[in-house]
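Let's take a friendly walk through this protein chain, from its overall layout to a few local details. Here it is.

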Amino acid sequence: MPETVREPLELDDAIVLLLGSPSERLQEGELQGVTRLEKLVFLLERETSAKNWLSESADFRPYNYGPFSAKVYQAVDMLSAAGLIVDSKRKADTEDDTWEKRNVIGSNEDPYTTRDFRLTDRGWRYYSAIRKNLVPEQLAELSSFKETFATISLRQLVRYVYERYDDFTSKSFIRDSVLGR
């Protein structure tokens with residue numbers, strides 16, 4: 001029987017672990033786009049053993065752009081305020097990353113702005129501390145998960161979520177467009 005997590009981790013810890021997990025094809029300690037991050041957390045809860053080591057759920061619900069969790073937005077704001085991540089904005093090629101923020105949360109942000117997340121030195125120290133709560137198999141699973149899902153285009157990631165989790169897309173304004181209907 002594999003060893004289990006030493007101490008349950010919270011949602012913000014899962015985000016730090018996602019950022020810090022190694023990936024051969026991504027910049028170390030970074031993820032691009034809040035929509036990507038949100039869909040990754042959604043899949044993390046459903047397609048990995050994270051449900052066994054997380055002490056809380058992100059409480060995703062069907063919304064205008066598929067699965068939505070206000071807790072993910074709150075967690076990145078808290079991590080940024082604590083100096084564990086840098087939450088930066090940059091111009092994007094498409095408006096994909098701001099669908100939810102503009103239409104669900106009500107931001108007047110430029111539609112061609114994306115939020116990117118990067119661990120700070122303090123964030124890397126925190127990552128090193130909390131990764132000790134996971135066993136090697138869990139760390140490997142997290143790294144494999146990131147390599148699989150964080151490296152595909154945002155459109156592919158959203159489409160994957162929409163195809164696999166239909167019950168979370170029932171209220172989506174973009175459902176037919178994403179699924180090519």
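## Order of the elements

Starting at the N terminus, the protein chain follows the order α-β-α-α-β-β-α-β-α-β-α-α-α-α. That gives nine helices and five strands in this predicted model.

## Burial, contacts and surface

Of the 181 residues in the protein chain, 52% are buried. If you look at contacts with a separation of 6 or more, 74% come from residues 24 or more positions apart. The exposed area of the protein chain is about 9,000 Å², and 46% of that is supplied by carbon and sulfur atoms.

## Helix α2 against helix α7

Two helix pairs deserve a visit, and both involve α2. Take α7 as the partner to begin with. Helix α2 spans residues 34–47 and helix α7 spans residues 136–149; their axes lie 11 Å apart, at an angle of about 135°. An angle over 145 degrees would count as roughly antiparallel, so this pair is oblique instead. The crossing of α2 with α7 is right-handed.

Which residues make this contact? On the α2 side they are R36, L40, L43, L44 and E47, and on the α7 side E141, L142, F145 and F149. By type, the contact of α2 with α7 has six nonpolar residues, three charged ones and no polar ones.

## Helix α2 against helix α8

The second partner of interest is helix α8, residues 154–164, whose axis comes within 10 Å of that of α2, with a crossing angle of roughly 40°. Angles under 35 degrees count as roughly parallel, so α2 is oblique to α8. Here α2 makes a left-handed crossing.

From α2, the residues T35, R36, K39, L40, F42, L43 and E47 take part, and they meet L154, L157, V158, Y160, V161 and R164 of α8. This contact of α2 with α8 comprises eight nonpolar residues, one polar and four charged. R36, L40, L43 and E47 of α2 appear in the contact with α7 and also in the contact with α8.

## A positive phi at D59

One backbone detail is worth checking in your viewer. Most residues other than glycine have a negative phi. D59, which is not a glycine, has a positive phi near 55°.

Where does D59 sit? Its place is the loop between α3 (50–53) and β2 (61–63). Is D59 buried, partly exposed or exposed? Its relative accessibility is 44%, so D59 counts as partly exposed, a class that lies between the buried limit of under 20% and the exposed limit of over 50%.

Terms used:
Residues numbered from 1 in each chain as written. Predicted model: local features only at pLDDT ≥ 70, side-chain atom pairs only at ≥ 80, totals over all residues. Heavy atoms only, no water. Helix = DSSP H or I, 4+ residues; strand = E, 2+ residues; numbered from the N terminus. Buried < 20%, exposed > 50% of the residue type's maximum accessible area, 1.4 Å probe, protein only. Contact = heavy atoms within 4.5 Å. Areas by Shrake-Rupley, 256 points an atom, 1.4 Å probe, with all protein chains shown as cover. Axes fitted to C-alpha atoms, helices over the stretch in contact; angles between N-to-C directions. Parallel < 35°, antiparallel > 145°, perpendicular 65-115°, else oblique. Left-handed = near helix turned anticlockwise from the far one by under 90°. Nonpolar A, V, L, I, M, F, W, Y, C, P; charged D, E, K, R; others polar.
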